[in-house]
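Thanks for coming, everyone. Let me put the structure up and walk you through a few places in it.

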Amino acid sequence: MESSSSFKVSVSSEKPLLECLEEIAMERHKLALEEGRIRVSQWIGHSVRAEQCRMKMGLILTGVGDKVMRLWSSENFRCLEEYSIPEKLPLIDFDFDESKIVGLVGRNMCIWSRSGKRSIFPSRECTFVEGSCMRYFDPEAVVGCGDGTAHVFDMYSRRCSRIVRMLPGPVTCLCVGDDQLILGGSLHGNIGVSGLRSDQRVAMLRSRNTIGIKTMCYNASSHLVFAGSTAGHVYCWDLRTMKPLWESRVSPNVVYSLRHLQNDRSSLAVGGIDGILRILDQNTGTVRSGCIMDSRLLSTYQSGVGVVEERIGNRLSDETPIDAIHRRSRPPITSLAVGMNKIVTTHNDKFIRLWKFRN
């Protein structure tokens, strides 16, 4: 393990102090994810299942599977709030910030205040066909639809402000950047690029071998776009050149989720149907580490949510055959979110797992 004195960070008197501190924090984060000791906390978060998760500001939001979303503390795993879903409507996607939760529920956009009060957009504004995904960047939410369009909603006027024609086929996943970009992926392997103020696609990202885009994320600080496919590939494009940067087959099957810490230009967390939590180098696509939860129980304790189990996380060697690892140690990762030195995962079952990485 490298000590802090060996961090490859240029601390210069010409740099602002905050910039230097952020570089040191990001280097520590990178080393923790790639080499640090792993402790996994697991608890039952939902009565049926939890398919998706988000993490911001030390908070975790989980849902999709039963009729409730739950907001958790990432420090003590207490359930801070519950948000009920309208009857007979499926929760498809969601996101949150410090004051509200935004959700795509059936063909409706809903807002929940952090206190729990729910508001549904007027039905006349929800004219899209089969919304499949949603991303939120205050003050707007973007819904990807089955007809290849993205509908942009203003959260304050509660109106659809524009419709962007993104792709010739259904939009399966979305990214919205703080630089006003919208990116939409499809199972045909194309990624459409547009702006929040435009009603037309302005560019298309393609690669000769790209198929079945299942998930995406966009790093606005490096202008890199990452996508995971149904065939286990992860792709990267540089938006400055609109050209592919690298391609890596990291799994024998579907990649469901990939994410990185905001402003981190080094590490990319990837999860999918094989249940291995992988850490990739954002710049090369090299797999730096593959992690699973050890089956042996370290300890249990009571929390506000019930019983929390503590286990060790193991790093796999390059020679370890995946099929030799028991499925109980690697349930499919359907969603993940990244925080500083931590990753939360859901698995389409009742459990939520928080992976903490320590240098």
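Which residues does Lys100 touch, leaving out those up to four places away in sequence? The list is Asp95, Ile111, Trp112, Ser113, Arg114, Tyr136, Asp138 and Tyr156. Please keep in mind that this is a predicted model.

Stay with Lys100 for a moment. Lys100 sits in strand β7, residues 100-105. Is Lys100 buried or exposed? Its relative accessible area is 9%, which is under the 20% cut-off, so Lys100 counts as buried. Its side chain also makes a polar contact with the side chain of Tyr136, at 2.9 Å.

Now the pockets. The largest pocket holds about 1,100 Å³ of space. It is lined by 36 residues, and the closest to its centre are Met55, Lys56, Asp95, His260 and Gln262. You have met Asp95 already, as one of the residues that Lys100 touches.

Which strands supply the lining of the largest pocket with at least two residues each? They are β2 (52-56), β6 (91-96), β10 (131-137), β14 (173-176), β18 (213-219) and β27 (335-339). By type, that lining has 17 nonpolar, 9 polar and 10 charged residues.

On to the second largest pocket. Its volume is about 510 Å³. Here 23 residues form the lining, with Glu51, Gln52, Thr172, Lys214 and Tyr256 the closest to the centre. At least two lining residues come from each of β2, β6, β10, β14, β18 and β22, the last of these being residues 255-259. The split is 9 nonpolar, 8 polar and 6 charged.

So β2, β6, β10, β14 and β18 each give at least two residues to the largest pocket, and each gives at least two to the second largest pocket as well.

Next, follow β22 to its partner. β22 pairs with β23 in the antiparallel sense, over 4 bridges. Leu258 stands opposite Val270 of β23 in that pairing.

Why is β23, residues 267-272, described as largely enclosed by the rest of the structure? Because 6 of its 6 residues are buried. Look at the two faces. In a regular strand, side chains alternate between the two faces of the sheet. On one side of β23 we have Ser267, Ala269 and Gly271, on the other Leu268, Val270 and Gly272, and all are buried.

Take Ser267 as an example from β23. Its relative accessible area is 3%, so it is buried. Beyond four places in sequence, Ser267 touches Lys30, Leu33, Glu34, His260, Ile279, Leu280 and Gln282. His260 also appears among the residues closest to the centre of the largest pocket.

β23 has another antiparallel partner, β24, residues 277-281, again with 4 bridges. Leu268 stands opposite Leu280 there. The two strands make a hairpin with 4 residues between them, and Gly275 takes a positive phi near 80°.

One more hairpin, elsewhere in the chain. β4, residues 68-73, pairs with β5, residues 79-84, in the antiparallel sense over 5 bridges. Val68 stands opposite Ser84. How many residues lie between β4 and β5? There are 5, and Phe77 in the turn has a positive phi of about 65°.

That is my tour. Questions, please.

Methods
Residues numbered from 1 in each chain as written. Predicted model: local features only at pLDDT ≥ 70, side-chain atom pairs only at ≥ 80, totals over all residues. Heavy atoms only, no water. 1 Å grid on protein atoms, 1.4 Å probe; cavity = no way out; pocket = protein on both sides within 12 Å on 5 of 7 lines; lining within 4 Å. Points joined across faces, edges and corners; volume = space filled by probe spheres on them. Nonpolar A, V, L, I, M, F, W, Y, C, P; charged D, E, K, R; others polar. Buried < 20%, exposed > 50% of the residue type's maximum accessible area, 1.4 Å probe, protein only. Polar contact = N/O pair within 3.5 Å; in protein donor to acceptor, adjacent residues only side chain to side chain. Contact = heavy atoms within 4.5 Å. Pairing = 2+ DSSP bridges.
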